[in-house]
Amino acid sequence: MAKTTVTPHKFGVVDLIRSKPKLQYIELPKYKVDVKFEITTSGKLKKPDPVPSTALKRLEAAGMKELERYETVITEEAVKLDAKVAEILKKNPGEKGQAAAEKLIQGTNQSIKNAMASAEGAAQVAIQKQLKVEANKDKLLKEARVKTTLKVSMGVIKIGTAVARLVGSSGADVMAYKTIVKQVYNLGKEIQQQLKGEEKLRKDLYGAIQKYITLRGTTIMQAAERQGITDTSGISVKKPMEAIKKLTGKAVAMGDEVTKGRDPKKIAKELLDFTIKGIAVYNKDADKKRQQYREHTTKTRQKVDSLGVAADKLMKAAKAQKTLKQGIKLGAECMTLKREASALSAKLEERQKFLGEMQTLMEGNGMKVDDTTIVDKIKALDKKTVLKEAKSMVTSVSGIYKLVDEISDIAA
């Protein structure tokens, strides 16, 4: 009587669909597959050895390859189904549309169930075919028999959670939200553009003031030279009025050859008048750049305030609409945007006032304030940047637009 040996082997996958396709309207479940096959070998004289593990792995690979075919089929069907559901819901976003979509999904679920029911036989055939290949290499497997069992644990395809929420909102309500959010989005983009110009205006102001400071120092020394003051040691042009005073003292000390009968007051006035005339153009240009920067800041703050009002309007509309199930999330995001807009507006108002106060730098025809004070003011202005707050706010605007766009997309 022939002696037999049964070699069992198991393998499986946690989810047959290893790479989920990008779906917008439906959700795929997990398809857990467990496969078990037994190879029965026989010998006339003695009990055969078990089938080598390497051969078992090759048989497993053959079965797995067949399962991959099912993976491809299910994936392709899911993509097609997603497109069909989208088409149905775009035409009818209400409960009737959902009912029609669910009926279609039910049919696909049944088709997949039927297909997976045939997977056991397909895996058996694939493994049997590979067993014949193995038998050509190993005489032990010439009369071998294989028995395959396959178990599939799976859920069902269903409408996506986000899409299901849409059923509580009619198309008209949703489109109303989209209209409001467009105001928010457009204001956000306008502010973003405004802030791109802010950097250039700031650099222009810095450059104009730097030119003004440099020329002021040069012009004071030219005024001294014009008066015949050859000794300028100990004179610091960084403090213009003090420099004028010291140069006047040096002129008096040099005697009639320099003073030519003029009293100290007259000499000081001539030094000052020459300097003021020489720096007038740069003084006006620096103040013009300051005014432009201040006006730009004012306009940006006004747009930010308008954005806060629009966000508040959208938030109230979301809270008032009881049937919009995304209303809670939308309201929360609008609240965040309102806080960010308020914070940005406050910083812009602070900078607006600061730029107004910077006018004092030009007092006395630009001769009263020393270089150190001017540089300190510029450094203080540089710290009043709003780029971080603006970036956060623009991100929130985009998030709200995307949320409302998702809510309204199938009702468009």
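Which side chains meet in a salt bridge with 2.8 Å from N to O? In this predicted model, they are the side chains of Glu71 and Arg18. The pair links distant parts of the chain, with the two positions 53 residues apart. Glu71 belongs to helix 1, residues 53–91, whereas Arg18 sits in the loop between strand 1 and strand 2, the latter being residues 26–27. Across the model, the count of salt bridges comes to 18.

Let me turn to the sheet. Three strands form an open sheet in the order 1-3-4, and their pairing is antiparallel. At the edges are strand 1, residues 3–13, and strand 4, residues 145–154, each of which pairs on one side only. From one strand to the next, the twist averages 15 degrees.

Strand 1 and strand 3, the latter covering residues 31–43, run antiparallel and are joined by eleven bridges. As one example from strand 1, Val13 has Val33 in strand 3 as its bridge partner. Helix 3, residues 119–135, packs on this sheet and touches strand 3 and strand 4. The direction of helix 3 makes about 145 degrees with that of strand 4.

I close with the second largest pocket, which holds about 240 Å³ of space. Which residues line the second largest pocket? They are Ser42, Gly43, Lys44 and Lys46, together with Lys139, Leu140, Lys142 and Glu143. By class, this lining has five charged residues, two polar residues and one nonpolar residue. Ser42 and Gly43 are the two polar residues, and Leu140 is the nonpolar one.

Note on methods
Residues are numbered from 1 along each chain as its sequence is written. This is a predicted model: local features need pLDDT of at least 70, side-chain atom pairs count only at pLDDT 80 or more; totals for chains, interfaces and linings use all residues. Side-chain values use heavy atoms; hydrogens and water are left out. Two strands pair if DSSP finds at least two bridges between them. Helices (H or I, at least four residues) and strands (E, at least two) are DSSP runs, numbered from the N terminus. Axes are lines fitted to C-alpha atoms, for helices over the stretch in contact, and angles run from 0 to 180 degrees between N-to-C directions. Contact means heavy atoms within 4.5 Å. On a 1 Å grid over the protein atoms alone, a cavity is a set of points where a 1.4 Å probe fits but cannot get out, and a pocket is an open set with protein on both sides within 12 Å along at least five of seven lines; lining residues have an atom within 4 Å of a point. Grid points are joined across faces, edges and corners, and a volume is the space filled by probe spheres set on the points. A salt bridge is a side-chain nitrogen of Lys or Arg within 4 Å of a carboxyl oxygen of Asp or Glu.
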